[in-house]
Amino acid sequence: MKEVLYKSTRGNKEPVTASEAILKGLSDDGGLFVPDCIPVLDKTVAQLSRMSYQEVAYEVMKLFLTDFTEEELKACIRNAYDDKFDDEAIAPLTEAGGAYYLELFHGATIAFKDMALSILPHLLTTAAKKNQVKNEIVILTATSGDTGKAALAGFAGVKGTRIIVFYPKNGVSPIQEKQMVTQKGDNTYVVGITGNFDDAQTGVKKLFGDKELAKEMDEAGFQFSSANSINIGRLVPQIVYYVYAYAALFAKGRIAEGEKINVVVPTGNFGNILAAFYAKNMGLPIGKLICASNDNKVLYDFFATGAYDRNREFVLTSSPSMDILISSNLERLIYRIAGNDAVKNKELMDLLAGCGKYEITEEMQAQLEDFYGNYANEEETAAAIKKMYESCGYVIDTHTAVAAAVYGKYKDAVKDDAKTVIASTASPFKFTRSVMNAIDAKYDKMDDFALVDELSKLANVPVPAAIEEIRTAPVIHDRICDKDEMKAVVKNFLQM
Ligand SMILES: *Cc1c(COP(=O)(O)O)cnc(C)c1O
């Protein structure tokens, strides 16, 4: 098998192995790691269609993570995709309203981040062993809510790791806070800071850059790492479910071998849709990659005009995980359409960092034909939830609803009736209030947990364990600190 190495999108340094790229997260020059070539699937669709999710995961990941042994990779997969997921299929498909919803929310925190964050800790600890790292890995994260909990759930109890999460004390929803402060596991630490998300983020960045702290930690047997969404250890596991979905459609007789399908992805950081693009480049028969945005429609404007411009008002929407103005993973696509030219890519990224804007050439734009971008505003999103519920009894969350609404626009505009998979990125139980209000305004008067029960009745779906647990779970983490105390808090947790 051909070895795949990872290059930075911003420099021409020596490429690194997959395990080194996972350990480092980001390249020293600030670039993202990209595979030096995209491997081609070496199993037929018919073969894949007889495999379990875990087996498909192995077939896809072995092609990218070529310095992991079969035994190592299979152990990572086994430890990640187990009964933490409440559906044996791991990522089941549900047919509704003329499309196939790929449910990526059956993991520990009922959102799609679990698909990658349940395996990342195992990939990281394996990578550490392979590279003779003796230190314990300390994951440091600032969160505005969702990623923190998914990372906590992924790293809790994983030997050789500890995780510290900082969240803005008054900046997350009550349910999000409850999810985090009830987190079990001796290696977990959750701290509220008196400040906003930016304060938490800035504080974490400072700690990552603190050379003195790094030295002290090394002496005590620790080193920091990040569970950030640009880590290829998060990107590669996301390719798996597109391959799995295609094979599942084939197994059910819904598509012929080689028949092209479209994929719709509700997009924020551009990680999930980039994984679908990689799947297409591995040879999976995907037609259009439909990029769905909410009112923060930077990506829609980018696909329409070739100009990426973050200078605009940040809109708070009912799909908060897509409220993003800098889609970090887009850099990997820019690098590629610039002809894998790190110098050209760096120029554009410097413009983005400097004046918040860049424009690609017509030549580059011509290579974006695989993509179609559109967006849905708040009314369209709510209408998509209501319509889906009333026509099929299927309840979708706000992020998935953005995708459903955009798919409707695509079909109207392009008259393409290829079979379509919509990435369903969160359980409706994670955004109960917005979902229920979309169905009927009368629900707004009910309290959060009453709404959960009502949704369960309406959708005819049991309340997921992730929600059920936090009703009664005891608070384990009640530490609050000032943003200037973050370093002391870290040292205290590590008993340094
Ligand atoms: C993170 C997230 C997204 C956006 O995914 P990206 O990979 O950042 O584009 C969409 N929906 C939900 C529910 C998410 O948590």
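1. A good place to start is the pair α3 and α4. Helix α3 covers residues 53-64 and helix α4 covers residues 70-80; the two pack at an angle of about 135 degrees, with axes 10 Å apart. Please keep in mind throughout that this is a predicted model. At that angle, α3 and α4 are oblique to each other, because only angles over 145 degrees count as roughly antiparallel. Their crossing is right-handed.

2. Which residues make this α3 and α4 contact? From α3 come Q54, A57, Y58, M61 and K62, and they meet E70, L73, K74 and I77 of α4. Sorted by class, the contact holds 5 nonpolar, 1 polar and 3 charged residues.

3. Helix α4 has another partner to look at, helix α6 (residues 120-130). The axes of α4 and α6 come within 9 Å and cross at roughly 150 degrees. With over 145 degrees as the cut-off, α4 and α6 are therefore roughly antiparallel to each other. The crossing of α4 and α6 is right-handed, as is that of α3 and α4.

4. On the α4 side of this second contact you will find E72, L73, C76, N79 and A80, while α6 brings H122, L123, T126 and K130. By class, these residues divide into 4 nonpolar, 3 polar and 2 charged. L73 is worth a click in your viewer: L73 meets residues of α6 and also belongs to the α4 side of the contact with α3.

5. Further along the chain, helix α17 (residues 378-392) and helix α18 (residues 398-414) form another pair. Their axes come within 8 Å and cross at roughly 95 degrees. That value falls in the range of 65 to 115 degrees, so α17 and α18 are roughly perpendicular to each other.

6. In the contact of α17 with α18, E380, T381, A384 and I385 of α17 meet T398, A401, V402, A404, A405 and K409 of α18. The split by class is 6 nonpolar, 2 polar and 2 charged.

7. Now to the ligand. There are 14 residues around the ligand, and K113, G268, N269, N272 and T425 come nearest.

8. Which parts of K113 and G268 approach an oxygen atom of the ligand? For K113, a polar side-chain atom lies 2.7 Å from a ligand oxygen atom. For G268, a backbone N or O atom lies 2.8 Å from an oxygen atom of the ligand. F270 joins in through its backbone too, with a polar backbone atom 3.0 Å from a ligand oxygen atom.

Conventions:
Residues are numbered from 1 along each chain as its sequence is written. This is a predicted model: local features need pLDDT of at least 70, side-chain atom pairs count only at pLDDT 80 or more; totals for chains, interfaces and linings use all residues. Side-chain values use heavy atoms; hydrogens and water are left out. Axes are lines fitted to C-alpha atoms, for helices over the stretch in contact, and angles run from 0 to 180 degrees between N-to-C directions. Helices (H or I, at least four residues) and strands (E, at least two) are DSSP runs, numbered from the N terminus. Angles under 35 degrees count as roughly parallel, over 145 as roughly antiparallel, 65 to 115 as roughly perpendicular and the rest as oblique. A crossing is left-handed if the near helix is turned anticlockwise from the far one by less than a right angle, and right-handed if clockwise. Contact means heavy atoms within 4.5 Å. Ala, Val, Leu, Ile, Met, Phe, Trp, Tyr, Cys and Pro count as nonpolar, Asp, Glu, Lys and Arg as charged, and the others, Gly among them, as polar. A residue is near a molecule or strand if one of its heavy atoms lies within 4 Å of it. A polar contact is a pair of N or O atoms within 3.5 Å; within protein, one must be able to donate a hydrogen and the other to accept it, and residues adjacent in sequence count only if both atoms are side-chain atoms.
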